[in-house]
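Please take a look at the sequence and the model shown here. The report that follows goes from the whole chain down to single residues.

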Amino acid sequence: MARRESVAVAGGGIGGLATAIALAGRGMEVTVIERAERLDTRERGLVLSPDGVRAVDALGGGLGDRLRELGRVAPPGGVRLVMDPGGTVLAEEPIDPPGGPRGGPRILLLRSALQRALLDEALAAGAAVLLSSGVEDYVTHDDGVTVRLSGDRSVECAALVAADGIDSAIRRRVVGDGAPVYRGYASMSGLTGGSVPGPRLYTFEGRDIRLCVTPVRGDTVYWTATIASPPGVWPAKGPDRARRDLVEALIGWYPPVVELIGNSDPHGIVVTDVHDRDPAPCWVDGRVALLGDAAHPMVPVLGEGPGTALEDALALADALGSHDSVPSALVAYERERMERTTALVLAARGRGAPGRPVGALSGSRGQEPRGQGEVTGAGHGRSGGIDDVLGWKPFPSRSRRLLPPVPGEVSRRTPGRSAPGKKPHIVLVSGSLREGSTCDRVVNWCARRCAEQDATVRVFEGAGIDFPAYRPGLSETRHEVGEFLNELRSADGVVLVSPAYHGTVSGLLKNALDYISDLREPVPHLDGRAIGCVAVGAASGDAEATLATLRAIGRAVRGRPASVGVVIPRAPGSEEEQTVPREERLLRMLSQILWMARARPTPGSPGFLDTAA
């Protein structure tokens, strides 16, 4: 496949963003097309299997390390307790023993954290993200695909990847197998504080209810209940009533687990019916391919759904990068992935329904109804055949994509308004009044990096924004304020750097940003401009709070904060401390800002990115 041919990816979920990373990292032009106005930020937990962990490590860019920081790493050799409703231990289930087919760590984290990390990496790799645009249909040609979008728009590309989920519109064209199949039970999940009774994994088996409890970060616990039920009953209740009804159904169960669910915030509860599909006979139509849940949706019992989508992304990128023809590459991708995922879909289906006796779900050592037996598998046992498809590993040829080296310092460029195809203009603002402060050094370091990427820059150090207290209209009489607002008016992106004063943003910076209220012509406020946020402070808790406040201010003035925010105790290159990891994070943030600045749409066109969610 030609190095710069374009690929459209339908769907901005885990599979779609991972595909964007893998393809853009191989030099392809990628556009992710997402129907929603913003990417899903609902706080749901997930367990990334050892196969999935190997996949994110293979995607590169430090993604695996970041996910380990965001979640909780469960090393191989741990144990999940399987208990009856009263809390009696029925069995101890080894979790991916080191010598087993999937031996390796798992990462327990929030789905939103995984998606944000994938988005960061996709943008850093150069992928575009188009929101509020659904793929409705496609037309294949000998040399490309016309992708028809909502709103009577279309895009042309060399290949179309359908990562748009179990209800994929593209799958209806490729496979035509109707609606997903309800599997006899609903799923309810939520987040709360505490644990039952410590930081371990638990499964409680009842007659019609199975409850799984997983710690994901700190004292935050993610729980999932699967409930045997006719279709539509539990989703129709809504989150609050469903939570109350579940608590009532659990009367007589182990009290700490009932309390755990009762204390959950109903706003964070997700209630769905569980569906899957029969394995498809094909995933490919010429230059169109299915991926992730669009190709092989499975019930969420083996914990392989997110991981297999990540694996698909790597396999697809390898195929497109190693074949001269797009159709032949997609056929090779289908051939590589179909057998493994088919086995997983069927294995998950056979182990998914709640209410089965533990012995029926376990290996031979878990038959004792109340003994300290052992069960094997992903929560509910495995039987012969499943081991053959576990233990996926990336090809040796896949290597980690490294960030480009930082060139030497260059002088600042003359600021000026950018136009399509021209240099973006970036304004960088320090919130410290002290001359030569760490904040000043950070903004100047970032300015040099932006200039090296062919952007024009304007730096405002703290002394340059020491304005009188904000009053409406004062910018018309104060030259220095007017100059500041004119630079913001001409900017395509803004970088804000604040010292962490007890977890707040500096008053100097907040006052300067208050003047943005006077920006009304030709556009109001910052009108969707990209905003990078950096908090400087040695106390990580204070700095994290400052960063969160800074991002909130960015949204309040109608900007779009980059997904990557940076907390840094010292300026890059400080002799007192090794700062390379923080420099890489700063570079990743600046890469996002520059991409968003270049891609900033004209008023009235569809938004390319809404990471303010």
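Buried here means under 20% relative accessible area, exposed means over 50%, and partly exposed is in between. The model is a predicted one.

## The whole chain

The protein chain has 613 residues, and 56% of them are buried. Its secondary structure comprises 15 helices and 26 strands. The accessible surface is about 24,700 Å². Carbon and sulfur atoms account for 50% of that surface.

How far apart in sequence are the residues that touch? Take the contacts between residues at least 6 apart: 74% of them join residues at least 24 apart.

## Cysteines

A disulfide is a covalent bond between the sulfur atoms of two cysteines. This structure holds 0 disulfides. Two cysteines can be placed by their cover. Cys533 has 2% relative accessibility, so it counts as buried. Cys212 has 22%, so it counts as partly exposed.

## Helix H2 and the sheet beneath

Helix H2 spans residues 50–59. Is H2 mostly covered or mostly open? Mostly covered: 9 of its 10 residues are buried. The buried set starts with Pro50, Asp51, Gly52, Val53 and Arg54. It goes on with Ala55, Val56, Ala58 and Leu59. Charged side chains are therefore on the list, namely those of Asp51 and Arg54. Just after the helix comes Gly60, with a positive phi of about 85°.

An open sheet of 3 strands runs in the order S3-S7-S4, and its pairing is antiparallel. Its edge strands are S3 (45–48) and S4 (72–74), each of which pairs on one side only. Neighbouring strands are turned by 25° against each other on average, direction ignored. H2 packs on this sheet and touches S3 and S7. The direction of H2 makes about 85° with that of S3. S4 and S7 (residues 106–110) are joined by 3 bridges and run antiparallel. In that pair, Arg72 has Leu108 of S7 as its bridge partner.

## A second open sheet

Strands of a sheet pair through backbone hydrogen bonds, either parallel or antiparallel. Which sense does the sheet S9-S10-S11 show? Its 3 strands pair in the antiparallel sense, and the sheet is open. The edges are S9 (135–140) and S11 (153–157), and each pairs on one side only. On average, neighbouring strands here are turned by 20° against each other, direction ignored.

S9 and S10 (residues 145–149) share 5 antiparallel bridges. Among the bridge partners, Val135 goes with Leu149 in S10.

## Two hairpins around S15

Strand S15 covers residues 209–217. It is mostly covered, with 7 of its 9 residues buried. S14 (residues 201–205) and S15 run antiparallel, joined by 4 bridges. They form a hairpin with 3 residues between them. In this pairing, Thr203 stands opposite Cys212 of S15.

S15 also pairs with S16 (residues 220–228), again antiparallel, over 8 bridges. Thr214 has Tyr222 of S16 as its bridge partner. These two strands form a hairpin with 2 residues between them. In the turn, Gly218 has a positive phi of about 50°.

## A buried serine

Ser187 lies in strand S13 (residues 181–193). Why does Ser187 count as buried? Its relative accessibility is 12%, and the cut-off for buried is under 20%. Leaving aside residues up to four places away in sequence, Ser187 touches Thr224, Ala225, Val270, Val271, Thr272 and Val274.

## Positive phi outside glycine

Most residues other than glycine have a negative phi, and most peptide bonds are trans. Ser132 has a positive phi of about 60°, although it is not a glycine. Where is Ser132? It lies in the loop between strand S8 (128–130) and S9. At 38% relative accessibility, Ser132 counts as partly exposed.

Asp454 is another such residue: it is not a glycine, yet its phi is positive, about 70°. Asp454 is found in the loop between helix H11 (438–452) and strand S22 (456–460). Its relative accessibility is 38%, so Asp454 counts as partly exposed.

Note on methods
Residues are numbered from 1 along each chain as its sequence is written. This is a predicted model: local features need pLDDT of at least 70, side-chain atom pairs count only at pLDDT 80 or more; totals for chains, interfaces and linings use all residues. Side-chain values use heavy atoms; hydrogens and water are left out. Buried means under 20% relative accessible area, exposed over 50%, partly exposed in between (1.4 Å probe, protein chains only). Contact means heavy atoms within 4.5 Å. Accessible areas come from the Shrake-Rupley method with a 1.4 Å probe; for residues, only the protein chains shown count as cover. A disulfide is a pair of cysteine sulfur atoms within 2.5 Å. Two strands pair if DSSP finds at least two bridges between them. Axes are lines fitted to C-alpha atoms, for helices over the stretch in contact, and angles run from 0 to 180 degrees between N-to-C directions.
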